[in-house]
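Let's take a friendly walk through a protein model, from its inside to one of its pockets. Have a look at the structure before reading on.

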Amino acid sequence: MPIRLGLIGKTNTGKTTFFNSATLSSEEISSYPFTTKSPVSGVSNAITLCVHPEFNIQDNPNNSKCVDGWRYIPIELIDLPGLIKDAWKGKGLGNQFLSIAAQSDALLHVVDASGGIDSTGKISEVGTGDPISDFADIEEELIMWYHKILEGNREKISKLVNSGSEFVDVVTDLYRGIGVNKSHVKDSLVATGLEEKNFDDFDMTDTKIFASYLRKISKPTLIVANKIDVEGADANFVRLRERYNDSIVIPVSGDSEFSLRRAEQKGLIKYSPGSEQFEILKPDELNEKQINALNFIKKGIMGEYMRTGVQFAINVAVFKLLKMNSIYPVADETKLTDKKGRILPDLILLKDGATINDLAKEIHTDLTKGLLYGKDLRYNLRLPVDYQLRDRDVVSLVSAAKK
């Protein structure tokens, strides 16, 4: 599972319900602070259209599954403990949270769009809380965590830079453990206008601005406006979207998605995650409360927002935030099979800009030895090893040994 998404936010925002609905897990859900006392990991899926209908064949997936023409690609979802103020100083479960968040490729920041929690994350009267402030509070904790790393190593950085090391290399090494690369550091320096300034001349404002931008681009984040099914949440969703117009904000009803997946699991309805509709299969086995709930989801959620938003949020994180492309490598270019005869067996997610050579490395490092070219099997084209792959490419790799 190459992709890891972390669920962050204050307590009682519905992170665990989101997690359970996305993984069909049954983690404890309650209104007590820190119900999630330690990070919980589960398997969810990113979903994309499969290519097999284009080739008029039936696939036989190996590392993913295909249902009704949709590929389900396993990804790891982590439900992280709720943060409190000064978590970056190690308060509450701060250190544990931040160490796990560091390993996530992207973050889904869950806020209670109904305004049903206070500033500390405790349940309060709906409409009295402020999801805009809730998002800002957690974001500040993350920025301060990045800032602390930089300021806490100021003397070390200065010594290395003054002895001849490149500032970009020193800072990259400092943050490498939390997924920061050299391009993140370079882009942050340019964006903040600090690329020409000597590090010894950086003041606290400079390092805070730099840390803020570095956090933003190294841990891409979307806002999950959860509890959109609660009255008044729609207005807060609009406020969130307007206030944080540089972020993707997705309306979500974790409760609705959880109900649909449970009903589908029991065979009561036909429903695919992320779908804009569902079909009741066994109306006689549903009581009045269940029927009313399903009708509300159909009209109040899907009728208004098209979907519950849980699967959509995951898909957006993988394909928009992380800019992943779905690539189908095969060994036999005529039958589109692997060496075991499985048709379109694997779907590999690669970052936008990845090349034929990168694909070879992902499959097996030995494949890069003697690699001659790739072959686009949709258009029967030879592709140079530096060709940048596109979403839904179906390719075979040709090496000197194979030829």
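The report below covers the nonpolar cores, a pocket and a pair of cysteines in this predicted model.

**The cores**

Start with the largest nonpolar core, which has 38 residues. Leu5, Phe18, Leu108 and Leu222 are the members that touch the most others. Helix H11 supplies the largest share, seven residues. Other elements that give two or more residues include strand S1 (4-8), helix H1 (15-23) and strand S5 (106-112). Try finding Phe18: beyond its neighbours within four places in sequence, its contacts include Leu7, Leu77, Leu108, Val224 and Ile314. There is also a second, separate core of 28 residues, with Ile78, Ala102, Leu107 and Ile178 among them.

**A pocket**

Next comes the second largest pocket, with a volume of about 450 Å³. It is lined by 20 residues, and those closest to its centre are His184, Ile217, Pro220, Leu322 and Lys351. Helices H6 (182-192), H7 (204-218) and H11 (310-321) each give two or more residues to this lining. By type, the lining holds eight nonpolar, seven polar and five charged residues.

**The cysteines**

How many disulfides does a search of the whole structure find? The result is zero. The table shows two cysteines that might catch your eye.

| Cysteine | Closest cysteine sulfur | Relative accessible area |
|---|---|---|
| Cys50 | Cys66, 4.0 Å | 4%, buried |
| Cys66 | Cys50, 4.0 Å | 23%, partly exposed |

A disulfide needs the two sulfur atoms within 2.5 Å. The sulfur atoms of Cys50 and Cys66 are 4.0 Å apart, so they are too far from each other for a bond.

Notes. Residues are numbered from 1 along each chain as its sequence is written. This is a predicted model: local features need pLDDT of at least 70, side-chain atom pairs count only at pLDDT 80 or more; totals for chains, interfaces and linings use all residues. Side-chain values use heavy atoms; hydrogens and water are left out. Buried means under 20% relative accessible area, exposed over 50%, partly exposed in between (1.4 Å probe, protein chains only). On a 1 Å grid over the protein atoms alone, a cavity is a set of points where a 1.4 Å probe fits but cannot get out, and a pocket is an open set with protein on both sides within 12 Å along at least five of seven lines; lining residues have an atom within 4 Å of a point. Grid points are joined across faces, edges and corners, and a volume is the space filled by probe spheres set on the points. Helices (H or I, at least four residues) and strands (E, at least two) are DSSP runs, numbered from the N terminus. Ala, Val, Leu, Ile, Met, Phe, Trp, Tyr, Cys and Pro count as nonpolar, Asp, Glu, Lys and Arg as charged, and the others, Gly among them, as polar. A nonpolar core is a set of buried Ala, Val, Leu, Ile, Met, Phe, Trp, Tyr and Cys residues joined through side-chain atoms within 4.5 Å. Contact means heavy atoms within 4.5 Å.
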